[in-house]
Amino acid sequence: MSDTIGKPTLILGGTGKIGRRLAERLTARGLPVRIGSRSGTPSFDWEDNATWGPAMQGVGAVYISYYPDLSVPGAAEAVGAFANLAVQNGITRLVLLSGRGETEAQRAEEMLKASGADWTILRCAWFSQNFSESFFLDPLLAGEVALPVGNVGEPFVDADDIADAAVTALTQQGHVGQLYELTGPRLLSFADAIAEIGKAAGRNIGFKQISHAEFAAAIAAHELPAEFAWLLNELFTEVLDGRNEALADGVERVLGRAPRDFSAYATETAATGIWSD
């Protein structure tokens with residue numbers, strides 16, 4: 001780690017759910033960070049590789065989060081090209097935020113490994129915080145979440161656990177060449193999760209299973225950016241087919257403690273009033 005001491009950590013997606021938490025944690029420890037985003041200085045844009053070199057100059061390590069998601073076509077090639085450029089620039093310590101059960105995400109992992117970097121991979125389940133800091137917030141406030149998913153269990157993982165894992169991987173020895181599969185401690189269906197949120201918020205929030213065609217129409221009506229519309233459709237038609245219906249021990253392996261339960265997330269988040277109608 002000697003070559004990274006005193007140098008800032010470049011946090012790609014530094015304004016996102018995990019990147020923001022990671023930046024706060026490193027800063028609280030007195031460790032320098034550089035936020036990699038379009039609004040950062042210097043700016044970083046995944047779609048403009050001319051921004052990559054300037055953003056990585058003088059940094060000791062990089063946390064890699066791909067926008068909008070690693071499952072998007074071309075993401076793996078972009079991550080591979082970035083990793084190769086980082087290694088060429090003498091930056092070998094790379095930590096990748098990855099996703100479970102996503103073909104493109106797993107391709108990105110292989111490209112990272114092929115770069116010759118000192119890599120660590122954080123392969124994550126669905127974030128609990130998608131219900132409070134992302135696309136599920138509006139339907140929850142409206143009182144009903146409609147999704148094309150049945151009784152499939154998902155081991156929702158807390159963003160704070162992921163950020164803690166990233167800090168540990170970046171600041172402590174022993175995590176190079178490790179793949180940590182991060183999940184919560186139990187499986188919940190989306191209906192279960194929404195029921196727990198309703199209970200915590202003291203509200204009657206419904207869950208409705210709809211067809212893929214209805215879901216596609218609902219996405220189109222919201223006029224989301226094209227990449228987000230594609231991503232939501234991909235996640236709910238491909239990834240949520242039961243392939244991730246298993247718990248993993250990544251949080252315990254990297255942090256030495258049990259992962260945070262969804263009910264703790266729901267109770268704590270409800271107390272902020274964000275789900276109050």
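## Strands, salt bridges and two cis bonds

Strand β1 (residues 9-12) and strand β2 run parallel and pair over 4 bridges. This is a predicted model. Within the pair, I11 has I35 of β2 as its bridge partner. How does the chain get from β1 to β2? It passes through α1, and this β-α-β crossover is right-handed.

Strand β2 also has two faces. The side chains of R34 and G36 point to one face and are buried. Those of V33 and I35 point to the other face and are not buried.

**Strand β5 and its neighbours**

Strand β5 covers residues 118-124, and 6 of its 7 residues are buried. β4 runs parallel to β5, and 7 bridges join the two. L97 has L122 of β5 as its bridge partner. The chain travels from β4 through α4 to β5, again as a β-α-β crossover that is right-handed.

β5 pairs with β7 as well. These two strands are parallel, with 5 bridges between them. Here R123 stands opposite E181 of β7. E181 returns below, in a salt bridge.

**Salt bridges**

Side chains of opposite charge can pair when their charged atoms come close. How many salt bridges does the model hold? The count comes to 19. Three of them are set out here.

| Pair | Closest N to O distance |
|---|---|
| R25 and D160 | 3.1 Å |
| R100 and E181 | 2.7 Å |
| K113 and E110 | 3.3 Å |

Start with R25 and D160, whose side chains meet in a salt bridge. R25 sits in helix α1 (residues 17-28) and D160 in helix α6 (residues 159-171). The two are 135 residues apart, so the pair links distant parts of the chain.

Next comes the salt bridge between R100 and E181. Why does this pair tie together separate parts of the chain? R100 lies in the loop between β4 (93-99) and α4 (103-114), while E181 lies in strand β7 (residues 178-182), so the pair joins parts that are 81 residues apart in sequence. Are the two partners buried or exposed? R100 has a relative accessible area of 6%, so R100 is buried. E181 has 22% relative accessibility, so E181 counts as partly exposed. The cut-off for buried is under 20%.

The salt bridge of K113 with E110 stays within one helix. Both residues lie in α4, 3 residues apart, which is about one turn of the helix. K113 is partly exposed at 29% relative accessibility. E110 is partly exposed too, with a relative accessible area of 45%.

Some salt bridges share partners. Which residues do they join? R20, R21, R25, E133, D160, D161, D164 and R257 form one network. R25 and D160, the pair met above, are among them.

**Two cis peptide bonds**

Most peptide bonds are trans. What kind of peptide bond joins T41 and P42? This bond is cis, with omega about -10 degrees. P42 lies in the loop between β2 (33-36) and α2 (52-56).

The peptide bond from Y67 to P68 is also cis, and its omega is near 0 degrees. Where does P68 sit? Its place is in the loop between β3 (61-64) and α3 (75-88).

Key: Residues are numbered from 1 along each chain as its sequence is written. This is a predicted model: local features need pLDDT of at least 70, side-chain atom pairs count only at pLDDT 80 or more; totals for chains, interfaces and linings use all residues. Side-chain values use heavy atoms; hydrogens and water are left out. A salt bridge is a side-chain nitrogen of Lys or Arg within 4 Å of a carboxyl oxygen of Asp or Glu. Buried means under 20% relative accessible area, exposed over 50%, partly exposed in between (1.4 Å probe, protein chains only). Two strands pair if DSSP finds at least two bridges between them. A crossover is right-handed if, with the strands pointing away from the viewer, the path from the first strand over the helix to the second runs clockwise.
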